[in-house]
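New to this one? Take a look at the structure below, and then let's walk through it together.

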Amino acid sequence: MDIASLGIAKVHGKLYTVTKYNDSVYGEDIKRIEKAYFREWEPKRSKIAAAILKRVKELPFRKNSSILYLGASTGTTTTHLSDICTEGRIYAVEKAYDPFVKLISLAERRENIYPILEDASIPERYAFFMDNIDIIYQDVAQRNQVQIFNANAKAFPKVKDAMLILKIRSISGKGSEEEILKREMAKIENFRPLEVVNLQPYSKANYLIRLKRT
Ligand SMILES: C[S@@+](CC[C@H](N)C(=O)[O-])C[C@H]1O[C@@H](n2cnc3c(N)ncnc32)[C@H](O)[C@@H]1O
């Protein structure tokens, strides 16, 4: 995969997103090279960075992509997507108030982040004001992760590409990872898996599923 065309650099084994913002969001290192800033993208803090280092075959993001991000938390991964999708929008849905406050302050400094304080399991509450979404990215760490994904896939019928993080131990503490992964993937509706990336050693029992609408 050509990560350079997405504004992602890999230098001495470390990943960076290239950005105009000189703003460390979670304590990550920032280097200035000529007029751009290189923000280190830490794979233990961000599952997309982990997937890149685990050689995911493709990422659906483009400069002008608009992303529905479910489970944005304090904006770690959101801001790296904001660095990549400079001409698009990141709609960052988060249901917990404390991380949402951080998202608001990030949105004040970055023009392409739109925080939404909502429950991702009820997409009817936000789908009506977004008609331009290209990609769904979900990382919600809930027992009903696939059900939440299916609800959003249905509420956004024009979306063709998605990436779903399956956090196995939020689904069940019993059974093998493989069994739970297989069972949960079989529940995914309207999308078919193109690739499954095990995020070990960066993130234990977490899998990134790259999906395409059927
Ligand atoms: C693993 S963290 C996300 C980390 C984040 N994706 C990142 O890489 O920076 C999961 C987040 O999902 C949020 N969450 C869980 N269930 C949710 C729901 N139903 N709707 C919206 N957010 C939810 C949690 O509050 C938490 O902040």
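What follows is a short tour of the ligand, the pockets and a couple of backbone details.

Keep in mind that this is a predicted model.

**The ligand and its surroundings**

Let's start with the ligand. It sits in the largest pocket, with 17 residues around it. Tyr69, Thr77, Glu94, Ala120 and Asp139 are the closest of these. If you sort that shell by class, you get 6 nonpolar, 5 polar and 6 charged residues.

Some of the contacts go through nitrogen atoms of the ligand. Here are three, side by side:

| Residue | Protein atom | Ligand atom | Distance |
|---|---|---|---|
| Ala120 | polar backbone atom | nitrogen | 2.8 Å |
| Asp139 | N or O atom in the side chain | nitrogen | 2.9 Å |
| Gly71 | backbone N or O atom | nitrogen | 3.0 Å |

So much for single contacts; how much of the ligand does the protein bury? On its own the ligand would expose 610 Å², and the protein buries 86% of that area.

**The largest pocket**

Now for the pocket that holds the ligand. The volume of this largest pocket is about 440 Å³, and 28 residues line it. Nearest its centre you'll find Gly71, Ser73, Glu94, Asp139 and Val140. Two elements, α2 (76–84) and β6 (90–94), give two or more residues each to that lining. As for the mix of residue types, the lining of the largest pocket splits into 9 nonpolar, 10 polar and 9 charged.

A few names come up twice here. Glu94 and Asp139 are among the residues closest to the ligand, and both are also listed among those nearest the centre of the largest pocket. Gly71 is on that list for the pocket centre as well, and its backbone provides the contact at 3.0 Å from a ligand nitrogen.

**The second largest pocket**

There's another pocket to look at. The second largest one has about 180 Å³ of space and a lining of 14 residues. Val18, Ser82, Asp83, Ile84 and Thr86 are the ones closest to its centre. Which elements supply at least two residues of this lining? They are β2 (14–19) and α2, with α2 giving the largest share at 3 residues. That makes α2 a helpful landmark while you browse: it contributes to the lining of the largest pocket and to that of the second largest pocket. By class, the second largest pocket is lined by 4 nonpolar, 6 polar and 4 charged residues.

**Two backbone details**

Finally, a pair of spots away from the pocket talk. The peptide bond running from Gln200 to Pro201 is cis, its omega being near 0°. You can find Pro201 in the loop between β10 (191–198) and β11 (206–213). The other spot is His12, in the loop that links β1 (8–11) and β2. His12 is not a glycine, yet its phi is positive, near 50°.

Methods
Residues are numbered from 1 along each chain as its sequence is written. This is a predicted model: local features need pLDDT of at least 70, side-chain atom pairs count only at pLDDT 80 or more; totals for chains, interfaces and linings use all residues. Side-chain values use heavy atoms; hydrogens and water are left out. A residue is near a molecule or strand if one of its heavy atoms lies within 4 Å of it. A polar contact is a pair of N or O atoms within 3.5 Å; within protein, one must be able to donate a hydrogen and the other to accept it, and residues adjacent in sequence count only if both atoms are side-chain atoms. Accessible areas come from the Shrake-Rupley method with a 1.4 Å probe; for residues, only the protein chains shown count as cover. On a 1 Å grid over the protein atoms alone, a cavity is a set of points where a 1.4 Å probe fits but cannot get out, and a pocket is an open set with protein on both sides within 12 Å along at least five of seven lines; lining residues have an atom within 4 Å of a point. A molecule sits in a cavity or pocket if more than half of its atoms lie within 2 Å of its grid points. Ala, Val, Leu, Ile, Met, Phe, Trp, Tyr, Cys and Pro count as nonpolar, Asp, Glu, Lys and Arg as charged, and the others, Gly among them, as polar. Grid points are joined across faces, edges and corners, and a volume is the space filled by probe spheres set on the points. Helices (H or I, at least four residues) and strands (E, at least two) are DSSP runs, numbered from the N terminus.
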